[in-house]
Structures are given as structure tokens and as C-alpha cells.
Amino acid sequence: MRVCPKCGYTESPIWRNRMAKRMYVQFCRLDELETWEPELAEKLKVEKYVFLDGVKYRLTPRGYVERIDAFLCKHPDPRNKSLSEPTQEKHLAKLIGQPLNQTKLLEVS
Ligand SMILES: [Zn+2]
């Protein structure tokens, strides 16, 4: 849960971090968002992708909502619906010494 140090605004507690190999993308379930942020949930159900207050949101086919701060994104442009992170694959590929263009990455721990 994130709190603004300036005004004390506290966001809803539903957003979680544990997506494998992603540093900045957070997610919650659609039903959680419906409870905590109903307007955003309704918009996502119709449009599947929403840009709001500097954050990109995407509804996945499995009923999860992912989000990322646009400025942390590989493609920060709000019109670009990608939630990819900048160097995640390059970084991992470097760690395991594999070519950068390989599509499937090995687990690193
Ligand atoms: Zn604030």
C-alpha cells in the first residue's frame, strides 16, 4: 500500500507486488477493484485498458487487473497499452549470460 508523503493520501490496499520477474507491475483481482475503486473497475470492464493519473491499468482475460506507473514503463506514452518494464529481459539475460534475443529465459535465483 502506498501513501503520499505530502498529503497523506492512502491508496487502496489491494495492490500486490508478487509477479515473477517484474519489479514495478502490481496486480489485484477484478472483484477487489470493484469493491475499492468501482469507477475504475467499470471503466476497465468496458475498455480493458485505462490511463489514469499517470498510471496504466489493464484488465487481463483471467480477471486480474495489472498496473504500472507510466514513467517506469518501457513505453511511457499513455496511448501505448504495453505494461512492459524497460530492461527486465535484458537484465535477466545478462545475469545468466545468454543472448539477448532468446525468447525463453532460464530461472535465476
Ligand atoms: Zn499527495
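## Sheet, helix and core in a predicted model

In this predicted model, the hairpin of E3 and E4 has 4 residues between its strands, and Gly63 there takes a positive phi near 85°.

Q: What pattern does the protein chain follow along the sequence?
A: Start with the parts list: the protein chain has 3 helices and 4 strands. Put those in sequence order and you read β-α-α-β-β-β-α.

Q: In what order do the 4 strands sit in the open sheet?
A: Work from the pairings. E1 (residues 26-29) pairs with E4 (residues 64-69) in the antiparallel sense over 4 bridges, and E4 also pairs with E3, again antiparallel, over 5 bridges. Add E2 and the open sheet has the order E1-E4-E3-E2.

Q: Which strands stand at the edges of the sheet?
A: Look for strands with a single partner strand, because those have one side left without a neighbour in the sheet. That description fits E1 and strand E2 (49-52).

Q: By how much are neighbouring strands of this sheet turned against each other on average?
A: The pairing in this sheet is antiparallel, but the angle here ignores direction. On that basis, the average turn between neighbours is 20°.

Q: Which strands does H2 touch as it packs on the sheet?
A: H2 runs over residues 38-47, and its direction makes about 140° with that of E2. As for what H2 touches, the list is E2, E3 and E4.

Q: Which elements give two or more residues to the largest nonpolar core?
A: That core has 7 residues: Cys28, Leu33, Ala41, Leu44, Tyr57, Leu59 and Val65. Ala41 and Leu44 fall within the 38-47 range of H2, and Tyr57 and Leu59 within the 55-59 range of E3. So the elements you want are helix H2 and strand E3.

Q: Which residue in E4 stands opposite Cys28?
A: Cys28 lies in the 26-29 range of E1, which pairs with E4. Cys28 is also one of the core residues, and its partner is on the core list too. That partner is Val65.

Q: Which residue in E4 is the bridge partner of Lys56?
A: Here you're looking across the antiparallel pair of E3 and E4. Lys56 falls within the 55-59 range of E3. Its partner over in E4 is Ile68.

Q: Which residues is Tyr57 in contact with, leaving aside neighbours within four places in sequence?
A: Tyr57 belongs to the largest nonpolar core, and two of its contacts, Leu44 and Val65, are fellow core members. The full list is Leu40, Leu44, Val50, Leu52, Val65 and Arg67.

Q: Is Asp69 exposed, partly exposed or buried?
A: Asp69 is in strand E4 and touches Tyr24, Gly54 and Val55, not counting residues up to four places away. Buried takes 20 or more other C-beta atoms within 10 Å, and exposed takes 12 or fewer. Asp69 has 14, so it lands at partly exposed.

Q: What separates the C-alpha atoms of Asp69 and Tyr57?
A: Along the chain these two are 12 residues apart. Through space, their C-alpha atoms are separated by 9.0 Å.

Q: Does Lys48 count as exposed or partly exposed?
A: Lys48 is in the loop between H2 and E2, and has a positive phi of about 70° although it isn't a glycine. Lys48 has 13 C-beta neighbours inside 10 Å, so the answer is partly exposed.

Q: Does Asp53 count as exposed or buried?
A: Asp53 is in the loop between E2 and E3, with a positive phi near 50° in a residue other than glycine. Since Asp53 has 6 C-beta neighbours inside 10 Å, it counts as exposed.

Conventions:
Residues numbered from 1 in each chain as written. Predicted model: local features only at pLDDT ≥ 70, side-chain atom pairs only at ≥ 80, totals over all residues. Core = buried A, V, L, I, M, F, W, Y, C linked by C-beta atoms within 7 Å. Contact = placed C-beta atoms within 7 Å. Pairing = 2+ DSSP bridges. Axes fitted to C-alpha atoms, helices over the stretch in contact; angles between N-to-C directions.
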